[in-house]
Amino acid sequence: METFNIFPLNHYPILQVSYALLIISTIPFALSEIKNSHIIDDSRGKIYFHKFGFSQHGQASISIKDVSWKSKDHKAQFNASSMGFVLLNDSSFDSFLKETIYIKDFCILSSHYVKVLFTFEKLTTNSSTYNVSTAIDGPSRNSLIFGNCQREFEVSMDVHTEMYNVRHGEKDFLPVELTELPMIFSSYLAAIEKIHIIMGALLLFKTLNMLCAFEDKIYVRKTGAPPLGWDVAYYVFGLFQGIILFTVIVLIGTGWSFLKPYLQEREKKVLMVVIPLQILENIAYVIQEQTVPKTIAWFQWHNTLLVIDIMCCGAVFFPIYWSITGLKEASKTDGKAARTLEKLTLFKKVYIVIVVYMYFTRVGVLEIGGLVNYRYWWVLNALDEGASFAFYVFLFYNFKPIERNPYLVIDEEEENDARNLLETDRFGDTFGL
């Protein structure tokens, strides 16, 4: 009996990379400045633990336990002062590097450019544990290094290190060069509106849809049949991508989230029409794909698909028209003509781009298909996806998260010019609206 591998990763390296990235992306990475390291039978002359940027009030704490050493040369005599921990300042690294090159039998513990924290001389005969905490002399970026100047000995130990700065009486475990990142990230998050979350979902489902389409076509090329499960995933992701795409267009057209926090009743009705139509359109698409061409059912579903698609395309223009009309009316009363003109410019640009995108992907591509040889019909898919990519780039760029300054000063001359332009309505005539 013939069997199919649902996930044939071994045949397609690109899928292996994709899945690896997907799995890796779920792992919570973090830069920790509290570290626990286990050194086992290590004879390296230098063991680098980590690097940290200190401020004026920096602290470095080190704790070691279960320390032991051994040598294959039974005649070797251990010198406790030949092993220890040091801090190396970045500003001294070049000079330190020259020492390692030009000084014969160089020992890091005797370098002029390191700060020795402690050596194994601090260990007592009855204890293999030692703790030390030291203040850092001024702002600097330092590397914590363990030095072993008796390479014939292998050392084992557990090392616990803490690097931090003291800010306002509290420990700050972020290096000084990263202390501003939380504020930067929070300001970015503050600029994210609800619409950006939906746009992110659109990008996710579009990517998943393309991944499934790739797998489907590769598998059909090899076996003559679509891979089990992937065609279903392709249709499901395509369904969500289509619904979210038209939802994003409608919501952007209404100005929801970034111009106003609510939807008017008529705008809700548009969504209530578009979303069910998109669900019906995708059902029609699946049936069309799974039905043998030239049957009566195939032509019926094909025509239904075209009608539904045209209805969805037509519905999305109403919110944009309402927003443009509303902005024109607001410009006469709110006293912010220049700001309103800027919004009008953006919305009319969106209107034109959506018209071009809808016409090209629904009509233009088909007309081009009638002109090219059948061997080049793949170009139609390339044009369709290229137009979608350009459209997504336009939306994401023009409606990207950005913190607008509410106290932006607008030049009085600019304000007067904008008011005159809005009053004469030449701006609207330019766009034919």
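This is a short talk on how one chain is put together, from its strands to its cores and its disulfide.

Okay, before anything else: what you have up there is a predicted model. The chain runs to 433 residues, and 38% of them are buried. In terms of secondary structure, we get twelve helices and nine strands. For the surface people, the accessible area is about 26200 Å², with 61% of that belonging to carbon and sulfur atoms. And if you take contacts between residues at least 6 apart in sequence, 79% of those join residues at least 24 apart.

Let's go to the strands. There's an open sheet of four, in the order 2-7-4-5, and the pairing is antiparallel. On the edges sit strand 2, residues 46-54, and strand 5, residues 114-119, each pairing on one side only. On average, neighbouring strands in this sheet are turned by 20 degrees against each other, ignoring direction. In the middle of that order, strand 4 (83-89) and strand 7 (140-148) are joined antiparallel over seven bridges. If you want one pair to click on, take Gly84, whose bridge partner in strand 7 is Gly147. Then helix 2, residues 93-102, packs on the sheet and touches strands 2, 4 and 5. The direction of helix 2 makes about 135 degrees with that of strand 4.

Now, strand 8, residues 153-167. Strand 1 (34-42) pairs with strand 8 antiparallel over seven bridges, and Ile34 has Glu162 as its bridge partner there. Strand 3 (58-71) also runs antiparallel to strand 8, with twelve bridges; Ser71 stands opposite Phe153. Then comes strand 9 (170-172), antiparallel to strand 8 again, over three bridges. One of the pairs there is Val166 with Lys171. That hairpin has two residues between its strands, and His168 takes a positive phi near 55 degrees.

On to the cores. Which residues have the most contacts inside the largest nonpolar core? Those are Val316, Ile354, Met358, Phe391 and Leu395, in a core of 40 residues. Helices 4 through 10 each supply at least two residues to this core, and helix 5 gives the largest share, with ten. Val316 is a nice one to look at: leaving aside neighbours within four places in sequence, Val316 is in contact with Phe246, Ile249, Val250, Ile354 and Met358. Apart from that core there's another, with 26 residues, including Ile39, Ile47, Phe52 and Phe54.

Last bit, the cysteines. How many disulfides does the structure hold? One, and the pair is Cys107 and Cys149, with the sulfur atoms 1.7 Å apart. The link is right-handed, with 75 degrees about the S-S bond. Cys107 is in the loop between helix 2 and strand 5, while Cys149 is in the loop between strand 7 and strand 8, so the link ties together parts 42 residues apart in sequence.

Are these two cysteines buried or exposed? Cys107 has a relative accessible area of 17%, and the cut-off for buried is under 20%, so Cys107 counts as buried. Cys149 comes in at 28%, so Cys149 is partly exposed. And Cys212, at 3% relative accessibility, counts as buried.

That's my tour, so over to you for questions.

Methods
Residues are numbered from 1 along each chain as its sequence is written. This is a predicted model: local features need pLDDT of at least 70, side-chain atom pairs count only at pLDDT 80 or more; totals for chains, interfaces and linings use all residues. Side-chain values use heavy atoms; hydrogens and water are left out. Two strands pair if DSSP finds at least two bridges between them. Axes are lines fitted to C-alpha atoms, for helices over the stretch in contact, and angles run from 0 to 180 degrees between N-to-C directions. Contact means heavy atoms within 4.5 Å. A nonpolar core is a set of buried Ala, Val, Leu, Ile, Met, Phe, Trp, Tyr and Cys residues joined through side-chain atoms within 4.5 Å. Buried means under 20% relative accessible area, exposed over 50%, partly exposed in between (1.4 Å probe, protein chains only). A disulfide is a pair of cysteine sulfur atoms within 2.5 Å. Accessible areas come from the Shrake-Rupley method with a 1.4 Å probe; for residues, only the protein chains shown count as cover.
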